[in-house]
Amino acid sequence: MTSYFRPNINTMAGYVPGEQPKPGTKIIKLNTNENPYPPSPAAIAVLRNLDSEWLRRYPDPYANDFRRAVSEVLDVPTDWIMVGNGSDDILNVIIRACAEIGRKVVYPMPTYVLYRTLAEIQPAERIEIPYGEKYHLPMEELVAANGAVTFIASPNSPSGHVVPIDTLRELASRLSGILVVDEAYVDFANETALPLVKEFEQVIVVRTLSKGYALAGLRLGFGIANPKLLSGLFKVKDSYNIDAIACAVGTAAMRDQDYKNACAEKVKASRATLMGDLKQLGFQIRDSQTNFLLAQPPQNNAEQIYLALKERGILVRYFNQPGLTDKLRITVGTDEQNQMLIEALLHLV
Ligand SMILES: *Cc1c(COP(=O)(O)O)cnc(C)c1O
């Protein structure tokens with residue numbers, strides 16, 4: 001039988017996002033790492049006062065207002081910044097610009113599943129290298145794999161660990177292809193690899209407003225890299241990939257660092273409490289520099305607990321993937337939400 005699709009599209013599974021119940025549904029949603037706090041009041045004020053003229057016209061193709069805000073906050077020149085429709089858009093552009101059959105996509109596992117999906121769509125050859133129990137970066141294997149694109153999520157999902165900048169520096173110095181450091185969770189971490197973009201032309205650091213800035217629904221992310229690297233990526237992105245609303249609202253959120261940092265501090269404090277409470281219940285948990293915890297229940301019955309919590313209106317993430325079937329990824333909510341989770345777990349473990 002003939003198919004409408006290319007062979008790689010027929011054989012791939014497709015990315016399966018975490019469950020997204022309708023807003024207003026009475027549910028405690030700890031499954032896709034959203035911020036439990038609302039976005040910056042300054043950003044919401046911009047949204048309320050939006051001039052409809054912005055919607056009549058095409059938006060700025062480079063989202064320059066937002067780039068200027070990022071430039072001031074992170075002290076990088078504006079032409080080192082590329083803005084995306086979520087950081088997923090930046091990851092997609094990188095793969096489209098750099099990978100194909102014979103130009104490999106490489107990453108340690110387990111990590112963000114979208115890297116695989118994007119490589120499958122392209123299609124590009126994938127090299128997946130296991131992290132192993134202790135989550136040390138498999139340096140020699142990553143270098144030997146010789147990727148056109150190497151993805152490192154740091155902090156990583158679902159493990160929550162950070163790859164130290166010195167390790168990433170060594171990796172960058174030994175790779176000839178692009179090194180993508182995906183810092184989606186950097187706002188909850190103690191370190192960043194951002195200085196590497198000034199040391200290495202082929203390093204791009206990717207960030208998002210979805211987690212730290214509580215704007216997952218807005219779809220805004222950005223990459224920071226040498227303009228030589230960005231020049232190729234700009235050719236591939238959609239002309240108007242940032243809508244006018246996202247640019248205006250995101251700019252206000254970016255300029256309100258105090259609010260973002262205050263929310264992140266609250267999440268980090270709640271993370272410590274939740275970790276202690278889960279350990280009390282017998283869960284094994286790794287330290288996390290993110291807004292989630294990867295927790296292994298005492299009886300290793302992760303799927304059963306996931307389903308039982310769902311029945312009680314609490315969503316957490318269960319991954320039916322090698323090495324993860326005995327664990328749950330739990331987003332840190334408000335203290336109140338976390339307490340309700342703990343109370344539900346009291347009956348289940
Ligand atoms: C959430 C997440 C993203 C996606 O962010 P968006 O900006 O919402 O597209 C990228 N990478 C990792 C590792 C994530 O967890």
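**A ligand site and the contacts around it**

A184 is buried, because its relative accessible area is 8% and the limit for a buried residue is under 20%. The model in which A184 sits is a predicted one. A184 belongs to the loop between β6 (residues 178–182) and α9. Its C-alpha atom is 8.7 Å from that of N156, a residue 28 places away along the chain.

A184 is also one of the residues that surround the ligand. The others in this shell are G86, S87, D88, Y112, D182, Y185, T208, S210, K211 and R219. By type, the shell residues divide into three nonpolar, four polar and four charged. Which side chains place polar atoms close to nitrogen or oxygen atoms of the ligand? D182 is one of them, with a polar side-chain atom 2.6 Å from a ligand nitrogen. Y185 has a side-chain N or O atom 2.6 Å from an oxygen of the ligand. For K211, the distance from a polar side-chain atom to a ligand oxygen is 3.0 Å. The ligand on its own has 390 Å² of accessible area, and the protein covers 93% of it.

Two members of the shell, D88 and R219, also meet each other in a salt bridge, with 3.9 Å from N to O. This pair connects distant parts of the chain: D88 is in helix α5 (residues 87–98), R219 is in the loop between β7 (203–208) and β8 (221–224), and 131 residues separate the two. D88 counts as partly exposed, because its relative accessibility is 26%. R219 is likewise partly exposed, at 28%.

Helix α5 can be followed from here. The helix has 12 residues, and the distance from its first C-alpha to its last is 17 Å, close to the 16 Å expected at 1.5 Å a residue. Which residues of α5 are buried? They are S87, D89, I90, L91, V93, I94, I95 and C98. An α-helix has 3.6 residues a turn, so residues three or four places apart point the same way. Among the buried residues of α5, S87 also belongs to the ligand shell.

The D88–R219 pair is one salt bridge of several. How many salt bridges does the model contain? The count is 20. In one of these, K310 pairs with E19, and their closest N and O atoms are 2.6 Å apart. K310 lies in helix α13 (residues 302–311) and E19 in the loop between α1 (7–11) and β1 (28–29), so this bridge ties together parts 291 residues apart in sequence. K310 is partly exposed at 36% relative accessible area, and E19 is partly exposed at 29%.

Another salt bridge joins K228 and E201, whose closest N and O atoms are 3.2 Å apart. K228 is in helix α10 (residues 227–236) and E201 is in the loop between α9 (196–199) and β7, so the two are 27 residues apart along the chain. K228 counts as exposed at 57% relative accessibility, whereas E201 is partly exposed at 42%. Elsewhere, R116, E120, R126 and E128 are joined into one network by salt bridges that share partners.

Helix α12 (residues 257–280) includes Q257. Is Q257 buried or exposed? Q257 is buried, because its relative accessibility is 17%. Its side chain makes a polar contact of 2.9 Å with the side chain of Y213. A272 lies in helix α12 too, but A272 counts as exposed at 52%. Between the C-alpha atoms of A272 and E336, 64 residues apart along the chain, the distance is 14 Å.

Some points of backbone geometry remain. The peptide bond from Q122 to P123 is cis, with omega near -10°, and P123 is in the loop between α6 (114–121) and β4 (126–130). The bond from S154 to P155 is also cis, with omega near 0°. P155 lies in the loop between β5 (149–153) and α8 (165–174).

N33 is not a glycine, yet its phi is positive, at about 60°. N33 is in the loop between β1 and α2 (41–48) and is buried, with 0% relative accessibility. A214, also a residue other than glycine, has a positive phi near 60°. A214 is found in the loop between β7 and β8, and at 16% relative accessibility it counts as buried.

How values were computed. Residues are numbered from 1 along each chain as its sequence is written. This is a predicted model: local features need pLDDT of at least 70, side-chain atom pairs count only at pLDDT 80 or more; totals for chains, interfaces and linings use all residues. Side-chain values use heavy atoms; hydrogens and water are left out. A salt bridge is a side-chain nitrogen of Lys or Arg within 4 Å of a carboxyl oxygen of Asp or Glu. Helices (H or I, at least four residues) and strands (E, at least two) are DSSP runs, numbered from the N terminus. Buried means under 20% relative accessible area, exposed over 50%, partly exposed in between (1.4 Å probe, protein chains only). A residue is near a molecule or strand if one of its heavy atoms lies within 4 Å of it. A polar contact is a pair of N or O atoms within 3.5 Å; within protein, one must be able to donate a hydrogen and the other to accept it, and residues adjacent in sequence count only if both atoms are side-chain atoms. Accessible areas come from the Shrake-Rupley method with a 1.4 Å probe; for residues, only the protein chains shown count as cover. Ala, Val, Leu, Ile, Met, Phe, Trp, Tyr, Cys and Pro count as nonpolar, Asp, Glu, Lys and Arg as charged, and the others, Gly among them, as polar. The expected span of a helix is 1.5 Å times one less than its number of residues.
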